[in-house]
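Let's practise reading salt bridges from a structure. Take a look at the chain below, then work through the exercises one step at a time.

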Amino acid sequence: MLTVNKGNTTDWANMPLDEMALGNAMDCKFTLKAYHLMREEMKSTKVNKVYDGILKDILLTMAEIENRGIKVDISYLDELDTILIKEVEDLSQLLQDLSPIKEFNPNSNMDLAGLLFTSEGFDLQPEIFSKVNKLPSITEEHLEKVLVTCRNPEASEFIHTLLKYKSRCKQHKTYVRGVRKSVDWNEEPRIYSQYNFSTVVTGRLSCSTPTVKVRELNKKNNYVNKEHKKGVSFHTLPRPSADDPVNIRKLMISEEGKAFVAADYATAELRVLAQCCQDPNLIKAFTGGQDLHKYTASLIYDKPISSITKEERQIAKSVSFLIVYGGGPNKLSQQIGKPIGYCKGIFADYSKAFPKVFSWIKEGRKKIKAVGYATSLFGRRRHLKNVNSPSRAHQERALRQGMNFIIQSSASDLMLHGIERVKKYAKQVGLNLDILASVHDSVEIQCDHEDIKKTTELLKYCLQSTEDLPSTYGFTFLVPFEVDIEVGKSFGDGLEAEFDTSGNLQNPIELLNYVQE
């Protein structure tokens with residue numbers, strides 16, 4: 001193996017080639033040996049299926065996506081820079097005007113803690129404290145939690161303004177300035193991302209910012225190691241509200257003469273939950289073409305779907321996703337601002353409506369405790385060393401993580417299979433398209449304007465299909481998958497593609513006119 005004791009100061013460009021060659025050869029030999037050992041062990045588990053079924057092929061596809069990168073709208077980057085600088089300045093001044101303590105630094109957690117949680121300021125009661133300095137936390141999560149119980153209108157206005165200020169600062173620093181630096185380093189209007197298959201413990205595909213390490217001369221003519229980012233993580237790009245003038249996603253555009261197409265799974269994780277627990281009512285919600293959350297609310301509140309209010313639908317939606325992520329009545333109470341007793345009643349009613357959801361969770365937790373790991377539908381494993389911890393808190397956290405892993409990992413692998421189908425069938429029919437990115441439950445591609453109809457119909461078919469899964473994994477999905485597709489000129493400005501029941505695009509002319517405007 002090649003060993004370098006002082007990697008930070010080693011001049012790799014001048015390393016003797018014979019030493020480099022020997023080190024690389026030994027690295028390859030060791031990796032190949034490890035592969036054969038692990039491959040034999042994999043054959044005795046379902047892990048072998050997910051490797052052969054998707055991972056060994058999708059790795060090459062994601063490498064192509066990483067190398068391709070994505071084009072940036074430089075003029076819109078300039079526009080966002082101007083907008084955000086002005087808005088940050090205005091919000092900073094507004095915070096000063098709203099504050100009972102003058103001349104504080106809105107970027108200082110210590111100043112904000114003193115302003116919000118002392119008698120000289122708003123005298124609010126903190127609930128979460130920093131583990132580093134033991135001061136009240138100033139995270140978004142804590143501020144949102146304080147807002148729920150805050151009865152001081154001046155303090156509420158200040159916190160709302162502070163949250164917006166923090167959001168705008170992050171948008172400007174991380175995305176506008178970050179993209180600008182990456183474009184300058186890349187010497188082209190293009191950024192790049194890196195996709196990771198084993199970084200996130202939930203089993204989902206993750207995305208990060210690739211960096212280039214170089215040795216550069218500083219002002220004192222000394223060589224120093226520096227890192228340059230080549231792009232941003234697509235998984236962190238904020239989704240704007242309808243009336244927000246700042247749309248970070250519009251920075252990412254298609255090439256000239258091409259359309260930007262984004263396809264999203266609809267409620268993929270809840271469909272995976274239905275597959276796992278096989279609850280008849282949950283399956284019926286998907287197979288019957290109902291609005292899932294209205295249908296759920298109708299069962300919880302025992303009233304017709306037509307009578308369900310917007311608030312009742314939102315509560316039902318919150319409960320469904322809390323179950324996926326391992327939350328309970330306490331978390332629901334924080335989210336919707338209702339008493340804990342009311343939220344316990346909602347969970348009890350949900351349990352009556354979907355009893356197999358909770359029996360599956362109970363049995364799943366029992367199995368995880370017995371074997372020490374969770375297994376996804378496709379055979380991925382997450383080992384959880386704390387499932388039998390003497391600490392009840394650690395044990396509960398590990399069990400929640402295990403159940404969450406089963407859902408999130410399975411949903412992520414469904415998207416990977418869909419992406420690979422898109423690549424395979426596009427090649428078979430001679431369709432010229434480029435896969436640009438994958439963000440959570442979506443895939444983003446670009447295609448020629450004249451191919452919008454063929455591309456969207458292919459996308460819908462490939463992502464909704466599960467016909468190739470039974471032969472590899474030995475199970476058939478009991479619920480259909482739905483895909484929402486948008487077509488535009490960028491990641492942030494898509495127009496909805498409309499399909500008939502046979503999957504034929506109904507508004508191709510409208511979409512074509514939209515991307516050619």
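**Before you start.** This is a predicted model, in which local features need pLDDT of at least 70 and side-chain atom pairs count only at pLDDT 80 or more, while totals for chains, interfaces and linings use all residues. Residues are numbered from 1 along each chain as its sequence is written, and side-chain values use heavy atoms, leaving out hydrogens and water.

**Exercise 1.** Find how exposed R68 is, and name the elements that its salt bridge with D434 links.

*Solution.*
- Step 1: R68 has 27% relative accessibility and is partly exposed (buried is under 20% relative accessible area, exposed over 50%, partly exposed in between, with a 1.4 Å probe and protein chains only).
- Step 2: R68 and D434 form a salt bridge at 3.8 Å, N to O (a side-chain nitrogen of Lys or Arg within 4 Å of a carboxyl oxygen of Asp or Glu).
- Step 3: R68 sits in helix α2 (residues 47-68) and D434 in strand β11 (residues 433-439), 366 residues apart. Helices (H or I, at least four residues) and strands (E, at least two) are DSSP runs, numbered from the N terminus.
- Step 4: D434, at 17%, is buried.

**Exercise 2.** Describe the salt bridge of E87 with K164.

*Solution.*
- Step 1: The closest N and O atoms of E87 and K164 are 3.6 Å apart.
- Step 2: E87 belongs to helix α3 and K164 to helix α6, so the pair ties together parts 77 residues apart in sequence.
- Step 3: E87 is buried at 16%, whereas K164 is partly exposed at 42%.
- Step 4: A network of salt bridges links E87, K164, R168 and D244.
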